[in-house]
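Visitor: I'd like a close look at just one part of this protein. Could you walk me through it slowly?

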Amino acid sequence: MLIRDATSDDWPMIWAFLRPIVAAGETFTWDRDVSEERAREMWLLEPPGRTVVAVGDGGTVLGTAKMNPNHMGPASHISSASFMVHPDHAGRGVGRALGEHTLDWARAEGYRAMQFNAVVESNVRAVGLWRSLGFEVLATLPEGFEHPVKGYVGLHIMYRPL
């Protein structure tokens, strides 16, 4: 697996799995019916943000991550990131590789910590992965996320110093 900067040529492969993940409404706080144009604007970041893809043999996009300052101004030393793994490639280390890559990037860019603002507590695979990479749950917003099957569930704020 190779992790590299995403290009506009990668977008069709990203959109092919981003769209159904967002539409399912189980893990992302985006509008479930987000337009392709709006999704592209939100996912393919310009500096100081960065978007990457994890690519397998033959150039298949296995997953993607975007990383950016979590806030501006005097709080811009804290980074954030978002991740999506193609469901056909889940459980194969793609998310872990992307997570480690974003942590390395944030350190190299001089960030002091990484914070995830909205990790759905029922997304136990993601929560477990982030904990294994040194993140802790700082707080949980009770009923902060309306899951289409489980109803209202908590939304974690997760943090790790770099």
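Visitor: Which strand gives the most to the lining of the largest pocket?

Guide: That's β4, with 6 residues in the lining. Keep in mind that this is a predicted model. The pocket holds about 1,200 Å³ of space, and its lining counts 41 residues. Look for T27, F28, F83, N123 and A126 if you want to find the ones nearest its centre. By type, the lining splits into 21 nonpolar, 14 polar and 6 charged residues. Other elements help out too: α1 (11–24), β3 (61–69), α3, β5 and α4 (124–132) are among those that each supply at least two lining residues.

Now stay with β4, which covers residues 78–85. It pairs with β5 in the parallel sense, over 2 bridges. To see where they meet, find S79, which stands opposite M114 in β5. How does the chain get from one strand to the other? Helix α3 (residues 94–108) goes with β4 and β5 to make a right-handed β-α-β unit.

Next, follow β5 itself, residues 113–120. Strand β7 (residues 151–161) is another partner of β5: these two run antiparallel and are joined by 6 bridges. One spot to check is V119, whose bridge partner in β7 is H156. And is β5 enclosed or open? Of its 8 residues, 6 are buried, so β5 is largely enclosed by the rest of the structure.

Conventions. Residues are numbered from 1 along each chain as its sequence is written. This is a predicted model: local features need pLDDT of at least 70, side-chain atom pairs count only at pLDDT 80 or more; totals for chains, interfaces and linings use all residues. Side-chain values use heavy atoms; hydrogens and water are left out. Buried means under 20% relative accessible area, exposed over 50%, partly exposed in between (1.4 Å probe, protein chains only). Helices (H or I, at least four residues) and strands (E, at least two) are DSSP runs, numbered from the N terminus. Two strands pair if DSSP finds at least two bridges between them. A crossover is right-handed if, with the strands pointing away from the viewer, the path from the first strand over the helix to the second runs clockwise. On a 1 Å grid over the protein atoms alone, a cavity is a set of points where a 1.4 Å probe fits but cannot get out, and a pocket is an open set with protein on both sides within 12 Å along at least five of seven lines; lining residues have an atom within 4 Å of a point. Grid points are joined across faces, edges and corners, and a volume is the space filled by probe spheres set on the points. Ala, Val, Leu, Ile, Met, Phe, Trp, Tyr, Cys and Pro count as nonpolar, Asp, Glu, Lys and Arg as charged, and the others, Gly among them, as polar.
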